[in-house]
Amino acid sequence: MGRRTLVALPRPDGRYDCRLAHWGVDADPITQSRPLGNDWTAAAVLATIDATYDQLVVLDESVRTYAVCWLDPTLSDLDDIVFARTADPDAFRTWWVDRRDEACRALDSEGTDPANARRALLASLRDRTSSVYWPDDASFLRGDR
């Protein structure tokens with residue numbers, strides 16, 4: 001499947017047209033993706049994304065990229081995610097995968113409690129970026145946040 005990206009294009013009526021890319025996007029998210037659906041609510045956009053996605057791109061006046069960060073160190077809950085805004089998706093992805101792998105190793109080899117490993121992942125993420133959004137908060141899809 002490879003590095004799935006959901007591209008959301010806001011409409012004047014507050015809904016979204018969505019596109020899907022399988023190997024990420026860079027300068028031109030439209031031509032690098034294919035149609036997925038039209039007339040989606042913000043909640044529907046976020047409900048579609050789980051840990052199998054790499055990023056969410058919102059294409060309005062600018063291109064805003066949000067990394068999909070899987071917080072579950074047991075690697076079992078695909079819906080345990082947050083979104084982190086980033087200007088450098090590739091560097092952020094490398095950093096995040098390293099953090100997540102460290103948490104998984106701590107869980108396996110050191111017997112770390114999954115809840116503690118998850119809290120450490122979230123703290124690490126908040127230290128790296130101040131823009132962290134939960135999937136039940138669609139407010140970041142509107143405007144330049």
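Here is a short tour of this structure, stop by stop, to follow in your viewer.

Keep in mind that this is a predicted model, where local features need pLDDT of at least 70, side-chain atom pairs count only at pLDDT 80 or more, and totals for chains, interfaces and linings use all residues. Residues are numbered from 1 along each chain as its sequence is written, and side-chain values use heavy atoms, with hydrogens and water left out.

**Stop 1: the sheet**

Switch to cartoon view and look for an open sheet of seven strands with mixed pairing, in the order β3-β2-β1-β4-β5-β6-β7. The edge strands are β3 (34-40) and β7, each of which pairs on one side only. Strands here are DSSP E runs of at least two residues, helices are H or I runs of at least four, and both are numbered from the N terminus. Two strands count as paired if DSSP finds at least two bridges between them.

**Stop 2: strand β1**

Now select residues 4-10, which make up β1. Six of its seven residues are buried, so the rest of the structure largely encloses this strand. Buried means under 20% relative accessible area, exposed means over 50%, and partly exposed is in between (1.4 Å probe, protein chains only).

Which strand runs parallel to β1? That's β4 (residues 53-59), joined to β1 by five bridges. Pick T5 and you'll find its bridge partner Q55 in β4; A8 stands opposite V58 of that strand.

Then turn to β2 (residues 16-21), which pairs with β1 in the antiparallel sense over six bridges. L9 has D17 of β2 as its bridge partner. Follow the chain round the hairpin of β1 and β2, with five residues between the strands, and stop at G14, which takes a positive phi near 90°.

**Stop 3: two cysteines**

Show C69 and C104 as sticks. Why don't they form a bond? The sulfur of C69 is 13 Å from its closest cysteine sulfur, in C104, and that is too far. A disulfide needs a pair of cysteine sulfur atoms within 2.5 Å, and the structure holds zero of them. C69 is buried at 0% relative accessibility, and C104 is buried too, with a relative accessible area of 11%.

**Stop 4: helix α3**

Select residues 114-128 for α3. At 1.5 Å a residue, its 15 residues should span 21 Å, and the end C-alpha atoms are indeed 21 Å apart; the expected span is 1.5 Å times one less than the number of residues.

Colour A117, L121, L122, S124 and L125, the buried residues of α3. They cover an arc of only 160° around the axis, which puts them on the same side of the helix. (That arc is taken from the directions from the helix axis to the C-beta atoms.) Swing round to the face turned away from this buried side for the exposed residues R119 and D127.

What covers the buried residues of α3? The cover includes β5 (63-70), β6 (81-85), α2 (89-109) and β7 (132-133), with contact meaning heavy atoms within 4.5 Å.

**Stop 5: T129**

Finish in the loop between α3 and β7, where T129 is found. T129 is buried, at 13% relative accessibility. Leaving out residues up to four places away in sequence, T129 touches A84, R85 and F92. Try a distance here: a polar atom of the T129 side chain lies 3.5 Å from the backbone oxygen of R85.

Technical notes:
A polar contact is a pair of N or O atoms within 3.5 Å; within protein, one must be able to donate a hydrogen and the other to accept it, and residues adjacent in sequence count only if both atoms are side-chain atoms.
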